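Colleague: Please pick one part of this model and go through it closely for a first-year student. Then work outward from there, step by step, so that the pieces connect.

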Amino acid sequence: MTTGNAFVLGATGQIGRAAVRALVADGWEVRAASRGTARDEDMPDGVRTVHVDRDSEGALAAALGDGCDVLVDMVAYGQDHARQLTALADRIGSAVVISSGAVYEDADGRSFDTQGEPDGFPRYPVPIPEDQRTVAPGPATYGTRKVALERHLLAVAGTFPVTLLRAGAIHGPHCRTPRELFFVKRALDGRPVRVLAHGGRSRFHPTHVSNLAEMIRLAARQPAARVLNAADPQAPTVAEISAAVDQAMGVRSELVLVEGPAQVGNTPWGVDHPVVYDMSAAERELGYRPVTGYAESLPRTVEWLTAQLRGRDWREAFPAMAKAYDPHLDLFDYAAEDAWLNGPA
């Protein structure tokens, strides 16, 4: 029995692949739309692929045709994309749109955008509820663009039901900026020590792509205007993540914990204060139950990362990762680690 017609925008990306599989398994007829022309080899049978560049004038409207029961948008940023969706609202029954936990700010106006400033890292409540204040909307940063997107879509909630999912640190196969690479590559390189700043206590709530896809599936079945956090059942510390990756790779390393920020030991999860999302609203409103936990999801992620690295420099395998972190954090400066560990000559 068909659940309905779903149009998935950004279908060949990390989230899109998982969402397409979840929707097909739930009985939806799916059109998988993306900018690329290559078909995902893992795309389920029966999925129609559509080539569309949403930023080309009229392209999304043409691809949408007579419309859909639900549109799932992985790649919406800013007010222009929000206007694009609301202009097509008469052809879209409801929408599920991916937002981000980067929208939040603390009581003193600190957010992810201020973390590079002195005493700039936010001190969020633990956990962060959906009614936590957000940064001001605007075009300047990832977070401000997501808020602009949210505000515009919520302003028309009475006529266009949209579920906005504020995702945490997304992980799993097909990630363009996989944080787990930090530990996987060290294991592959035979590094015996993991130096961790902040005492290894940093907590930056992860979101496995299959858990996010499950929330998309549930929201598609229950249209409403809402904002929900989207994260895993656990928010492990970076020390626990290191141990879980080691276990998945069959290695054992020594942890060296450094209090506070340091010259070495800074990781892609490195935060001064915990970032943990409250998932009670999703459980209550959608009946959401996580598909997987962090540690149990790792073997497949590790396998995929290892395959991507085989015979290639990590910057070639993950150029987006290099671009995102290299200006601020040399992820694999082993010489600096060794010099710090060995101390003055």
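Modeller: His198 is buried, since its relative accessible area is 11% and the cut-off for buried is under 20%. The model it belongs to is a predicted one. This residue lies in the loop between strand E8 (193–196) and strand E9 (206–208). Its backbone deserves a look too: phi of His198 is near 60 degrees, a positive value, although the residue is not a glycine. Most residues other than glycine have a negative phi, and most peptide bonds are trans.

The loop between E5 and H4 has a positive phi as well. Asp119 lies in that loop, and its phi is about 55 degrees, again in a residue that is not a glycine. The surroundings can be compared through burial: Asp119 is exposed, with a relative accessible area of 53%, whereas His198 is buried. Pro127 lies in the loop between E5 and H4 too. The peptide bond leading to Pro127 from Val126 is cis, with omega near -5 degrees.

The loop just described runs between a strand and a helix, so to speak of its setting one has to turn to the sheet. Seven strands, in the order E3-E2-E1-E4-E5-E6-E10, make up an open sheet with parallel pairing. At its edges stand strand E3 (48–51) and strand E10 (226–230); each has a single partner strand, so one side of each has no neighbour in the sheet. On average, neighbouring strands are turned by 20 degrees against each other, direction ignored. Helix H4 packs on this sheet and touches E5, E6 and E10, and its direction makes about 155 degrees with that of E5.

Helix H4 covers residues 142–155, which is 14 residues. At 1.5 Å a residue it should span 20 Å, and its end C-alpha atoms are 20 Å apart, so the two values agree. Its buried residues are Gly143, Thr144, Lys146, Val147, Ala148, Leu149, Glu150, His152 and Leu153. An α-helix has 3.6 residues a turn, so residues three or four places apart point the same way. What covers the buried residues of H4 includes helix H3 (78–87), strand E5 (92–100) and strand E6 (162–167).

Back in the sheet, strand E1 (residues 4–9) is mostly covered, with 6 of its 6 residues buried. Gly4, Ala6 and Val8 point one way from E1, while Asn5, Phe7 and Leu9 point the other way; all of them are buried. Strands of a sheet pair through backbone hydrogen bonds, either parallel or antiparallel. E1 pairs with E2 in the parallel sense over 6 bridges, and Phe7 stands opposite Arg31 in E2. Strand E2 (residues 28–34) also pairs with E3, again in the parallel sense, over 4 bridges. Ala32 has Thr49 of E3 as its bridge partner.

Another buried residue is Leu181, found in helix H5 (residues 181–188). Its relative accessible area is 0%, so it is buried. Setting aside residues up to four places away in sequence, Leu181 touches Leu305, Leu309, Trp314, Phe318, Met321 and Phe332. By contrast, Leu181 and Ala140 are 41 residues apart in sequence, and their C-alpha atoms are 28 Å apart in space.

Burial concerns what is filled; the last topic is what is left empty. Rolling a probe the size of a water molecule over the atoms shows where empty space is left. The count of cavities of 30 Å³ or more comes to 1. The largest cavity has a volume of about 40 Å³. Its lining consists of Gln14, Arg17, Ala18, Arg21, Pro173, His174, Val209 and Arg300. Helix H1 (residues 14–25) gives the most to that lining, with 4 residues.

Pockets, unlike cavities, are open. The second largest pocket has a volume of about 220 Å³. It is lined by 13 residues, and among them Arg54, Ser56, Glu57, Gly58 and Gln84 lie nearest its centre. Helix H2 (59–64) and H3 are the elements that give two or more residues to this lining. H3 supplies the largest share, 4 residues. The same helix H3 is also part of what covers the buried residues of H4.

How values were computed:
Residues numbered from 1 in each chain as written. Predicted model: local features only at pLDDT ≥ 70, side-chain atom pairs only at ≥ 80, totals over all residues. Heavy atoms only, no water. Expected span 1.5 Å × (residues − 1). Buried < 20%, exposed > 50% of the residue type's maximum accessible area, 1.4 Å probe, protein only. Contact = heavy atoms within 4.5 Å. Pairing = 2+ DSSP bridges. Axes fitted to C-alpha atoms, helices over the stretch in contact; angles between N-to-C directions. 1 Å grid on protein atoms, 1.4 Å probe; cavity = no way out; pocket = protein on both sides within 12 Å on 5 of 7 lines; lining within 4 Å. Points joined across faces, edges and corners; volume = space filled by probe spheres on them.
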